Amino acid sequence: MNNRAGSFIWNLRQFSALAPTSRIVRLYHLEFCRPKIVYSNGSPRNRLNHFDDQMQSSIRNLFQDALFFKSRDDSQTKGVGAAAALRLSRLLCPRRLSFDSKQSPLCDDGRKKINFHHEASNEVVHIKETKLTPVSWRKLSQECNSLSDVLDTFSEMPTFPSSNYFSAMWTIAKRMSEDQKRFEKQLMFNHPAFTQLCEQMMREVKVMYYDHMLFSLHAIVKLGIPQNTLLVQTLLRVAQERINECDEKCLSVLSTVLEAMEPCKNVDVLRAGLRILVDQQIWKIERVFTLQTVMRSIGKDAPISLKRKLEMKAVRELDRFSVLNSQRMFEVLAAMDHRSVALLNECSKTVVGNIHGCPIKILINIVQSCRDLRYHNLDLFNGIADYVAATFDMYKWKHVLFLLILFENLAFRHAGLMDLFMKKVVDEPGFLDMKSLVSVLHVYSSLNHLCGSQTQEFLNIMASALTGYLHQISSENLLNAVCSFCLMNHFPLAPIHQLLQQDLMDELLMSDNKERNIHKLHILAACLKLDDVPYQKAVVLAPPSPPSTPLYTNAKVAEVLSSLLGKGYFSESVRLPHNYYIDFEIRMDSNRSQVLPLSDVNVVTSATDIQRLAVLCVPRSTYCLDLTHPRGFLAMKMRHLKAMGFHVILVNNWEMEKLEMKDAVTFLKSEIYSTEAPSTADVNFQSTC
């Protein structure tokens with residue numbers, strides 16, 4: 001007897017937490033809650049008998065600018081529109097409380113009551129019930145064709161848990177097109193049963209299984225219910241309170257939910273709790289998919305110690321990685337902003353070895369993640385580019401262009417793929433819009449890729465297309481396009497004249513990117529003066545002076561030159577016209593057999609008797625990823641220095657640092673006294689392939 005009574009009292013307390021009857025909460029503007037306490041008279045038995053009467057507090061309108069609770073009558077609380085009979089079963093989990101809602105008697109005012117019959121003899125409570133099997137979300141999603149159908153089913157026979165209805169609606173919504181989904185969501189918000197479903201969800205949230213609640217929260221967020229509503233914030237708060245109930249499945253769902261939500265106070269607190277939980281349970285995670293989902297969601301600002309633990313766990317699981325896991329790992333590491341070379345190298349091998357049949361979107365995601373992580377793997381990029389080039393006709397041109405843009409960000413130049421895209425531009429010149437045109441020009445000029453028989457035809461087509469967009473292109477886009485043409489040693493007259501209009505110049509010099517625009521205008525001015533432009537005299541450009549930048553000399557190269565030539569035989573940090581400077585200048589006789597002291601240069605009367613050498617100390621970033629092909633700006637600078645009478649010697653900083661002093665002296669001596677010009681010195685831009 002005592003055990004049965006104790007069981008009933010425990011369950012009654014649980015249900016009181018589910019539906020607190022002594023408080024009516026009003027939600028005012030700016031989401032400030034003011035609790036209004038309503039005390040009910042009578043004994044606990046009376047309170048139980050009249051539970052349904054006290055339970056009513058009709059839910060607020062969820063989707064209006066000011067959130068508030070609507071009440072039909074301020075003087076008393078009305079009955080719940082959709083009442084349910086309670087079923088307390090010892091077979092269920094202590095937190096599980098099922099709501100069955102088969103037809104129950106109606107009062108005159110249309111309210112359904114919860115009937116509790118008490119036996120006075122033994123004080124044991126028996127609950128009249130009509131059994132109704134809850135409908136699973138899978139069955140609902142199969143039987144219903146729209147979100148409104150699910151709500152209609154709920155309004156007819158609401159069952160516990162209400163999470164099934166939200167999960168079913170999201171499952172149905174995933175099958176719809178974007179337009180249909182938008183229309184169905186609007187119907188869902190306006191459906192009369194939607195408010196009741198949200199109200200029931202908030203009543204049940206503390207007693208339903210934790211994974212059901214998380215699935216509901218995920219569905220609610222994906223259905224577009226505003227994150228600042230009371231429903232979503234309530235679920236977030238309960239998720240925080242019950243986070244210790246997380247198992248591996250719940251970790252995966254919670255991570256997915258947090259990834260889909262915008263930052264706010266409750267989301268940040270829940271993410272912090274997730275990090276603590278992951279730190280405790282990381283070695284217990286068994287599924288690779290769960291591990292990667294957790295890694296994606298912990299955030300870029302997670303502690304580095306936690307990131308390293310997750311990295312170690314992932315390295316241990318490498319033998320269990322599927323091809324999909326390896327492809328996904330790039331995006332996972334980018335999401336947590338953690339550059340794990342060990343993981344990336346192993347996953348790169350798997351991707352390249354299983355690249356056949358891989359969708360272009362996955363390849364784009366991999367390359368984009370490499371860019372975000374600053375991870376350069378020449379074998380991986382070559383493998384992807386080779387595969388895309390071999391299956392070029394299968395893809396939309398926009399996907400290939402986006403891949404080329406990402407490759408340009410990584411300084412990777414694949415001649416075969418770029419030649420194929422150039423051929424497509426020549427064969428179908430009309431497919432490029434204005435934005436794509438500017439992007440193509442930037443990619444080809446930045447990577448210094450102009451070779452083959454179609455080069456001139458390609459440049460003419462691009463110039464003609466740019467001329468067609470002059471009436472609608474912005475000043476900055478026009479400047480970018482013209483600057484790209486200048487890097488490629490091509491000068492279309494109409495775009496240049498359009499750019500030099502006074503109103504466009506004023507607009508460029510007053511924009512937020514003023515310094516960058518001035519730099520590009522100086523590039524244009526230098527090209528018009530130094531390159532072979534047929535209408536040089538017709539174009540006048542005098543951009544404002546750029547801000548001065550400090551010059552830094554390579555100390556090791558200066559030491560080597562001092563040891564090789566001696567003091568007074570070379571100049572350091574030499575500024576030249578058109579905003580150019582060179583690291584070192586050396587003057588020799590015309591045969592390049594003797595270095596002339598700087599003090600004796602004036603003795604030589606004829607300029608033809610002097611050979612000026614420009615020593616440029618260049619970093620890796622001035623080359624493409626293979627470190628043999630100069631990028632656009634370096635190639636243009638070499639071209640202009642040659643036009644000014646210099647012979648260019650390139651010294652790679654990273655290689656010079658590795659050389660011993662003796663080897664460095666030997667290298668520079670061979671470059672300075674060489675009678676044959678280096679292959680990279682007098683190179684013409686168009687022939688650089």
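Biologist: Which residues do ring pairs link into a cluster?
Modeller: The cluster is held by ring pairs, the rings of Phe, Tyr and Trp (its six-membered ring) pairing if their centres lie within 6.5 Å. This is a predicted model, in which local features need pLDDT of at least 70 and side-chain atom pairs count only at pLDDT 80 or more, while totals for chains, interfaces and linings use all residues. Residues are numbered from 1 along each chain as its sequence is written, and side-chain values use heavy atoms, with hydrogens and water left out. The residues linked are F381, F407 and F412.

Biologist: How are the rings of F421 and F431 arranged?
Modeller: The structure holds 10 aromatic pairs. In this one the centres are 6.2 Å apart and the planes of F421 and F431 stand at 80° (under 30 degrees is stacked, over 60 edge-to-face, the rest tilted), so the pair is edge-to-face.

Biologist: Are F421 and F431 buried or exposed?
Modeller: F421 belongs to helix α20 (a DSSP run of H or I, at least four residues), whereas F431 lies in the loop between α20 and α21, 10 residues apart from F421. With buried meaning under 20% relative accessible area, exposed over 50% and partly exposed in between (1.4 Å probe, protein chains only), both F421 and F431 are buried.

Biologist: What is the distance from the charged end of K424 to the ring centre of F431?
Modeller: A charge sits over a ring if NZ of Lys or CZ of Arg is within 6 Å of the ring centre and within 35 degrees of the ring normal. The charged end of K424 sits over the F431 ring, and its distance from the centre is 5.3 Å.

Key
Helices (H or I, at least four residues) and strands (E, at least two) are DSSP runs, numbered from the N terminus.
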